[in-house]
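Q: I'd like a close look at the inside of this protein. Could you take me through its nonpolar core and then through a few residues that I could find on screen?

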Amino acid sequence: MKELPTETEIIQRIAKGDRELYRHLVDRYSPMIFHLVRSFEKNEEEVKGLVQEIFVKAYSKLNTFGNRAKFSTWIYSIAHNHCRDYTKNIRRKNSRFSELEESFIENRKSVDLQPDETMEQDESSRLLYSAIRKLGPGQSEPLLMRYRDGMSFKAISEQMEISESALKVRVHRARAELKQLLKQGEQL
């Protein structure tokens with residue numbers, strides 16, 4: 001039985017022109033990339049388009065992959081940056097971002113809530129979202145990756161290229177600052 005090539009061998013062979021092998025990487029990492037993109041965008045057609053763009057971008061940058069990190073970390077970084085740029089562009093256009101926020105909030109509503117409970121939950125979601133925006137990217141990104149995306153500390157530390165202990169400190173500080181911001185929001 002023929003042994004499958006390692007990921008490093010696959011990447012080397014793709015770099016030498018064996019484009020068909022890229023399919024192995026796409027198949028292997030599609031679930032992770034789809035999961036990430038869906039945390040930024042809820043429209044399934046947009047999600048498919050973004051995932052395709054990410055894999056095309058990764059393919060075009062494959063020559064920059066230097067085996068210093070795992071391929072999963074490298075492509076996750078490309079995908080995360082691509083999604084961040086996508087949301088920045090939406091914010092600039094402003095019209096679609098408000099739709100995204102609304103769908104973000106709608107997805108968190110329970111169908112069994114009474115109208116007054118729904119209004120309360122909406123207000124809480126808006127306050128939380130607003131407070132998260134006030135955190136710096138060094139705090140909001142790991143916080144969202146941990147609690148919104150459900151990533152482990154190990155995966156986040158690989159992605160952000162910082163130690164797990166430093167990451168845990170950042171997340172702890174982000175939670176404390178978020179708590180403070182939410183208290184200030186309640187007082188207004």
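A: Here is the overall fold, then the core, and then some individual residues.

A note on the basis: this is a predicted model, in which local features need pLDDT of at least 70 and side-chain atom pairs count only at pLDDT 80 or more, while totals for chains, interfaces and linings use all residues. Residues are numbered from 1 along each chain as its sequence is written, and side-chain values use heavy atoms, with hydrogens and water left out.

Let's begin with the fold. The protein chain has 9 helices and 0 strands (DSSP runs numbered from the N terminus: H or I of at least four residues for a helix, E of at least two for a strand). Along the sequence, this reads as α-α-α-α-α-α-α-α-α. Of the chain's 188 residues, 35% count as buried (under 20% relative accessible area with a 1.4 Å probe and protein chains only; exposed is over 50%, and partly exposed is in between). If you take the contacts (heavy atoms within 4.5 Å) with a separation of 6 or more, 56% of them join residues 24 or more positions apart.

Now to the core itself. In soluble globular proteins, nonpolar side chains tend to be buried together. Here, the largest nonpolar core has 42 residues (a set of buried Ala, Val, Leu, Ile, Met, Phe, Trp, Tyr and Cys residues joined through side-chain atoms within 4.5 Å). Each of the following helices supplies at least two residues of this core: α1 (7-15), α2 (22-38), α3 (44-60), α4 (71-93), α6 (115-134), α7 (137-147), α8 (153-160) and α9 (164-187). The biggest contribution comes from α4, with 9 residues. If you want a place to start, L25, I33, V37, F55, F71, W74 and I75 are the core residues with the most contacts inside it.

I33 makes a good viewpoint. This residue is found in helix α2, and because its relative accessible area is 0%, I33 is buried. Beyond its neighbours within four places in sequence, I33 is in contact with V51, I54, F55, I75 and A79. F55 and I75 in that list are also among the core residues with the most contacts. For a sense of spacing, the C-alpha atoms of I33 and S72 are separated by 9.7 Å, with their positions 39 residues apart along the chain.

L25 offers a second viewpoint. With neighbours within four places in sequence left out, L25 is in contact with E7, I10, I11, I14, F55 and F71. F55 therefore turns up again: it touches L25 as well as I33, given that contact means heavy atoms within 4.5 Å.

From L25's partners you can move on to helix α1, where both R13 and A15 are placed. R13 is partly exposed, as its relative accessible area is 39%. Its contacts, not counting residues up to four places away in sequence, are P5, D18 and L21. A15, in turn, is exposed because its relative accessible area is 64%. Its C-alpha atom is separated by 9.4 Å from that of Y59, which is 44 residues away along the chain.

Two serines from later helices round off the tour. S140 lies in helix α7, and its relative accessible area of 12% is why S140 counts as buried. Outside its neighbours within four places in sequence, S140 is in contact with I132 and L135. S157 lies in helix α8 and counts as buried too, because its relative accessibility is 8%. Its contacts, again leaving aside neighbours within four places in sequence, are I162, S163, E164 and L167. Both α7 and α8 are among the helices that supply at least two residues of the core, so those two serines are handy landmarks for finding those helices.
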